[in-house]
Amino acid sequence: MPKRFRIWVKKQGSRSTSARRVGEWGELAFFAIWFLLGLASLVYLLAAPLLFEETVPWELGGGRWLVLLVVSSFILLGGRGLVVTLLQIRASRERRSALAHNAARLASLPESDGDGPLMPTIPRGVNLTNSPGIRLAYRLPTSHHGAWEMLVACSFCIIWNALTLFLAREVWKGYAQGHAMPLAAVAVVPFLAIGVWSIRFFAVQLSRQARIGPTLVEISQQPLRTGQAFACFVSQSGSVTLKQFTVHLVCEEETTCHQGTDIRFDRQVVYHEEIARRENVELRSGQPLEIEIDSEIPPSFMHSFQAPHNAVVWKLVVRGEPHRGPLLERPFPIVVVPEDAPELEMAGTSHDRSAD
Amino acid sequence: MIDPLISIRLPGRRSYEPGQEITWHYQIDAVRPADVAAIEASVLWYTIGKGESDLSVLFFERRVPGQTEVGDLREMRSVRLTLPPTPLSYDGVLLKIRWCARVRLFLRSGREFLEEQVFRLGNVRPARAVVGPGQQLITVAETP
């Protein structure tokens, strides 16, 4: 039983060792003060020139924009916090959830009859079924985006090295004109070191992308059901020799929670099966490795589940271990529903596709 | 003054199949009708575990004397509903999904009482932690 008031409390996510009521009223007081402070400041700013003759008349421009912005943010953030906290105090969690459901149902009126999706906790990504396969019904999208890593590495490399060159040029100019800047010269050294590292990192990423080509995974059905057999086709291109190339069927639990201002993310594998393995694979340009796999989702296992802070994720993981260089690991999410669940309408699904 | 009694009665052995229709009952006792400010009854799922808790209601009703009801709110009330296909009850490693029937009683004094009965939906087997792709099983060597 929590005490009524504690100075030090432990908190993880929405769980806390403090008394709930004390926390709620404290939060309410905090946002109320914030809101009132903003409101009073705004009133003073606007009314002062009218009330006190010696005050400078109110004119927008210069620093006054900034003052107005800060005061408005106090009112907006404080007001929002006040409303949210009042709702939390006055309504139970179930009531808030029911209100949210009703709001969502009203929002979906134009598209449907107002019942909303049948299984709202089953993920329905548009990209999961909108791409037809060549061998099988669907081509799976990967949740690993190598192109983004390349873009970030490239952007960082260009910006950092441009900055370093500018600094080095200024230092050089100083020496040439006879007023040397020894401290600036010393400061350029770590900049140069990071610049060289960024070039090397970008080169490694580029080489990796060039050597290990795209992975293509196709699946016979989406969504899958627990206990259901499925066919899968994997194609890996590139020009590299791999010690081993494996395909895995994986189920993971994922949770997130707030710890202070941090968001903590946890992940745990609860099902793992290696469904294909090839040793000493030589990938050559124009000759991709192709594997056809027959597998099965285990019966009586948990289905895919997606909630704001918790998830159960099923995926196929393609893994390649080269003799040297970084590991290839690409996940491809799949959707699993219970064995006897009704037909699930996926976003972007065309019904005749599975019959191909 | 003793705390009010909230009784919830679920049919059968509290294990149901998706799509099954159930009728459950609840009743309030040991409190004067004039002291009751509101009663909220709901059927919902929530998560417990390492992450923050998620919650979603399947059924919700709020009864307020004089507004939504004219009779005695303490009397036994029956609620019939059809259970959904998902999410099924789940005993995982990082997260668990629980289904329950919950009743909240709000008194005019500002006090609040809660009672819930957990039930199982579906028959998903409990999960256990396993080694993922590329992970090594770490074992502690026995000391001689």
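**Close-up 1. Glu40(B), a buried partner in a salt bridge.** Glu40(B) has a relative accessibility of just 1%, so Glu40(B) counts as buried in this predicted model. The residue pairs up with Arg62(B) in a salt bridge, and their closest N and O atoms sit 2.6 Å apart. Look for Glu40(B) in strand β4 (residues 36-49) of chain B and for Arg62(B) in strand β5 (residues 55-63) of chain B; the pair therefore ties together parts that are 22 residues apart in sequence. Arg62(B) itself has a relative accessible area of 27%, so Arg62(B) is partly exposed.

**Close-up 2. A salt-bridge network with members from chains A and B.** Here five residues are joined into one network by salt bridges that share partners. Chain A supplies Glu94(A), while Arg102(B), Arg104(B), Glu112(B) and Glu116(B) come from chain B. To put this view in context, a search of the whole structure turns up 27 salt bridges over all chains.

**Close-up 3. Arg135(A) meets Glu290(A).** These two side chains come together in a salt bridge, at 2.9 Å from N to O. Arg135(A) belongs to the loop between α3 (93-107) and β3 (138-139) of chain A, and Glu290(A) to strand β9 (residues 289-296) of chain A, so this pair links parts that are 155 residues apart in sequence. How accessible is Arg135(A)? Its relative accessibility is 43%, so Arg135(A) counts as partly exposed. Glu290(A), at 41%, counts as partly exposed too.

**Close-up 4. Arg277(A) and Glu274(A), another chain A pair.** Zoom in on this salt bridge and you'll find the closest N and O atoms 2.8 Å apart. Arg277(A) has a relative accessible area of 35%, which makes Arg277(A) partly exposed. Its partner Glu274(A) is partly exposed as well, with a relative accessible area of 36%.

**Close-up 5. The largest nonpolar core.** Now for the nonpolar side chains: the largest core contains 71 residues. Which residues have the most contacts inside it? They are Phe245(A), Leu316(A) and Trp24(B), so keep an eye out for residues from both chains here. Strand β8 (residues 95-107) of chain B gives the most to this core, contributing seven residues.

**Close-up 6. Another core, lying apart.** Separate from the largest core is another one, made up of seven residues. Among them are Ile122(A), Leu128(A), Val337(A) and Leu344(A).

Methods: Residues are numbered from 1 along each chain as its sequence is written. Chains are lettered from A and ligands numbered from 1 in the order in which they are written. This is a predicted model: local features need pLDDT of at least 70, side-chain atom pairs count only at pLDDT 80 or more; totals for chains, interfaces and linings use all residues. Side-chain values use heavy atoms; hydrogens and water are left out. A nonpolar core is a set of buried Ala, Val, Leu, Ile, Met, Phe, Trp, Tyr and Cys residues joined through side-chain atoms within 4.5 Å. Buried means under 20% relative accessible area, exposed over 50%, partly exposed in between (1.4 Å probe, protein chains only). Helices (H or I, at least four residues) and strands (E, at least two) are DSSP runs, numbered from the N terminus. A salt bridge is a side-chain nitrogen of Lys or Arg within 4 Å of a carboxyl oxygen of Asp or Glu.
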